[in-house]
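Subject: Structure handover

Hello,

Here is the structure for you to look over. My notes on its charged pairs and nonpolar cores follow below.

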Amino acid sequence: MDKRQRDVAAMFDRVAARYDVANDILSLGQDRAWRRLVLEAVDPQSGEMILDVAAGTGTSTVPFVEAGAFVVATDLSLGMLSVGRQRQPQLTFVAGDALRLPFRASSFDAVTITFGLRNVEDTSAALAEMARVTKPDGRLVICEFSSPTWRPFQRLYGSYLAAALPKIAALVSSNPAAYRYLAESIQAWPDQPRLAELITAAGWRDVAWRNVSGGIVALHRARL
Ligand SMILES: C[S@@+](CC[C@H](N)C(=O)[O-])C[C@H]1O[C@@H](n2cnc3c(N)ncnc32)[C@H](O)[C@@H]1O
């Protein structure tokens with residue numbers, strides 16, 4: 001693991017205890033709806049094995065378990081995993097780096113990652129690693145912050161990220177610096193078509209996306 005990745009893991013270790021509460025407040029509760037859409041997009045079938053990469057405290061994994069799917073949650077931050085194990089003892093957590101997943105090739109019917117890919121040091125390498133552990137014809141679903149599609153809203157959203165989000169985060173989070181990082185990383189993240197290109201280049205096919213909440217979030221899907 002290189003230094004930047006260690007810093008990201010350490011940052012999530014520090015915010016772990018209040019991560020889920022801060023998320024609900026900062027997304028005005030929208031994150032719950034986004035997570036339900038991820039479940040619908042993955043559409044787990046009986047007997048399938050699903051992998052939730054960068055699962056954090058398991059909040060993105062819970063809807064899968066509630067739907068009766070067999071799902072493994074993996075994350076790099078031991079702090080996030082430990083909070084997850086306490087709060088969601090029914091989940092299967094495995095410590096693991098998205099760039100070197102601790103699973104054999106072709107293990108999963110579907111792999112999903114929610115608000116995690118942006119945090120991984122090398123996006124293309126993570127997309128290729130997720131392809132490695134996916135069975136032939138398996139599915140990929142990525143939920144990530146993206147670019148609002150309505151131009152007048154783009155500027156407003158840019159100001160929210162740059163000015164308002166860090167101030168609100170200072171009130172609700174134990175680590176406001178983590179939310180400055182959040183705002184900066186969202187602004188630096190590739191837009192919908194560019195991310196689709198990266199997914200295709202990593203070996204996935206039939207890449208498509210759906211904008212949610214006006215493009216604040218996009219769900220990309222693909223097949224192997
Ligand atoms: C914003 S949280 C998302 C957690 C969860 N998926 C959710 O939706 O609540 C991002 C997660 O990515 C994890 N992460 C960052 N880099 C990673 C890597 N290289 N491998 C695995 N997890 C990583 C962090 O530890 C953190 O838990």
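Is Asp31 buried or exposed? In this predicted model, Asp31 is buried, its relative accessible area being 4%. Its partner is Arg35: the two side chains form a salt bridge with an N to O distance of 3.5 Å. Arg35 also counts as buried, at 7% relative accessibility. Both residues belong to helix α3 (residues 30-42), where they sit four residues apart, about one turn of the helix.

Salt bridges

The structure has 10 salt bridges. Another of them joins Asp7 to Lys3, with the closest N and O atoms 2.8 Å apart. Here too the spacing is four residues, in helix α1 (residues 3-15), so about one helical turn separates Asp7 from Lys3. As for accessibility, Lys3 is exposed, with a relative accessible area of 53%, while Asp7 is partly exposed at 39%.

A third pair is Arg205 and Asp137, whose side chains meet at 2.5 Å, N to O. Arg205 lies in strand β6 (residues 205-212) and Asp137 in strand β5 (residues 134-145), so this salt bridge ties together parts that are 68 residues apart in sequence. Both residues are partly exposed: Arg205 has a relative accessibility of 35%, and Asp137 has a relative accessible area of 41%. The pair also belongs to a network of salt bridges that links Asp137, Arg205, Asp206 and Arg223.

Nonpolar cores

The largest nonpolar core is made up of 39 residues, and Phe64, Phe145 and Val217 have the most contacts inside it. Two or more residues of this core come from each of α1, α2 (19-26), α3, α5 (78-87), β5, α7 (151-172), α8 (176-188) and β7 (217-223). Helix α3 therefore appears twice in these notes, as a contributor to this core and as the helix that holds Arg35 and Asp31.

Which residues does Phe64 touch, leaving aside its neighbours within four places in sequence? Phe64 is in contact with Val38, Leu39, Val42, Pro44, Ile50, Ala69, Val71 and Thr112.

Apart from the largest core lies another one, of 25 residues. Leu51, Leu127, Ala202 and Ala222 are among its members.

Regards

Conventions. Residues numbered from 1 in each chain as written. Predicted model: local features only at pLDDT ≥ 70, side-chain atom pairs only at ≥ 80, totals over all residues. Heavy atoms only, no water. Salt bridge = Lys/Arg side-chain N within 4 Å of Asp/Glu carboxyl O. Buried < 20%, exposed > 50% of the residue type's maximum accessible area, 1.4 Å probe, protein only. Core = buried A, V, L, I, M, F, W, Y, C linked by side-chain atoms within 4.5 Å. Contact = heavy atoms within 4.5 Å.
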